[in-house]
Amino acid sequence: MRVGISRMNITPALGMSMAGFRERDHGAESIHDLLYATCYVFEDEVGQRAAFVTCDLINIDGHVRDKVIEQLSGKSKLSAEAILIQATHTHSGPSACALEGRNYLDAKRLPKPEEKAYYSFLIESLVQGILQAEADLNPAKIGFAVGSLQTLGNNRNEPECYMDDSVNVVKIDSLEGKCRGLIVNFACHPTVLTYTSYTISADFPGAMRRQLSAVIPDAVIAYSQGAAGNISTRFTRRESSVEEMERLALGLSGEVLKLLSTMTMQETLHLQTALRKVKLPVKAFKNDDLCEREITEGKALLNQLKNENADQAQIRKAYVSLQGYERNLMIKKNIGDLKEIETMIQVIDTGLFQWITLPGEAFSEIAEAIKIKPAVIVCGYANDYVGYILSKEGYSTHGYEVGVSYLGENAQAILISESLTMLKEMGLTA
């Protein structure tokens, strides 16, 4: 087997509009750490190739992936179904990463010239990153291990409820045993820095990379986001600061190092890839009167909690729930008569582990249903973005996610069914 690795700097300029929090009213003021697109290209013994790309961005829309594949035509040996591009979902990066994606909140907003320039720059960076990784193909060994972590984040609506706490680590070594790269997959919103911050940052994934690089200085380290739709640091963070990012990242870095100490490496891969288009239903929205009533009740609850000096995490939960009610009405007006959305899921099997993608903010319970084997790694925010994908449990929370999700309740069942079918067709069932 051979593996090629590259890393592209995709940090936006100061002043660029930031993604993740609509409360921000101006562009980035400073840069705490650089944003990267990290590319890995794998080649097995018969020359089959697959690319794994993870970017420090809020999301990746299908148009970005399509343009990257179009520009790779004639330059790369990778097939379209073998290219996986995902976002870490940092809320401290540029909003210009998805100018052509679905946007039912700011449907009439026109991109600024500098945002158009960044969008073109991003696509070119991804193309060049993949080509550079292909050019870097060298004999390698690969290892995989799974651990767990419960100190970084938890279920952000009900802390005691289920979360996917798995830490999935892929390690790339040279034949001489020197670590060339690590891919760390975990599910948690990178929202230690909140809407009051105007600092560009990869958030805790960036802190994890710095910490691991201090121990393994020559390795290219990347973070891969999991099914983090209902998982965040809301109840685990003590404050919103760069120091808190470092503190929370220590647990993840420590778990990775523990897994590396017992990992077994191998020199063979057997790649197979599959990509499937799926159609997801748009939900039936409530009438305007009911939407307005939810907003009124949400405001009353928030004011009550503030007056009672309630716990800040509970106040935050009520605040974002109110946002969900307000944005639900906005989405309803902007989405019109749309009945379904076409998107995609993908499986890349290495013989050692399997990556399977979900095109948005999937709840942890969805990942749980798909992970029929410990070696299945769920990659959220991958190849496309359809917003929140709630589990059946998620619809009972009445929180932010229910409001802003525009998918029907059976969308999660379709994604689970299609994912399991793909795994079965590829001979990857338990």
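This note goes through a helix, a strand pairing and the cysteines of a predicted model.

1. Helix α4 covers residues 242-260, and its 19 residues reach 26 Å from the first C-alpha to the last, close to the 27 Å expected at 1.5 Å a residue. Even so, α4 bends by about 30 degrees, and the bend is placed at A249.

2. A249 is also one of the buried residues of α4, a list that further includes E244, M245, L248, L252, S253, E255, V256, L259 and L260. These buried residues pack against the strands β6 (138-148), β8 (166-174), β9 (179-186) and β11 (220-225), and against helix α3 (204-215).

3. Strand β18, residues 376-379, is covered on both faces, with V376 and V378 buried on one side and I377 and C379 buried on the other. In a regular strand the side chains alternate between the two faces of the sheet.

4. Strand β18 runs parallel to β16 (residues 354-357), and 4 bridges join the two. Within this pairing, T357 stands opposite C379 of β18.

5. On the cysteines, the structure holds 0 disulfides. C55 is in no disulfide, since the nearest cysteine sulfur, that of C39, is 7.0 Å away, whereas a disulfide requires the sulfur atoms to be within 2.5 Å. C55 is buried, with a relative accessible area of 0%.

6. For C179, the closest cysteine sulfur is again in C39, but it lies 17 Å from the sulfur of C179, which is too far for a bond. C179 likewise counts as buried, at 10% relative accessibility, because buried is taken as under 20% relative accessible area.

Technical notes. Residues numbered from 1 in each chain as written. Predicted model: local features only at pLDDT ≥ 70, side-chain atom pairs only at ≥ 80, totals over all residues. Heavy atoms only, no water. Buried < 20%, exposed > 50% of the residue type's maximum accessible area, 1.4 Å probe, protein only. Pairing = 2+ DSSP bridges. Expected span 1.5 Å × (residues − 1). Bend = angle between axes of the 7 residues up to and from the residue. Contact = heavy atoms within 4.5 Å.
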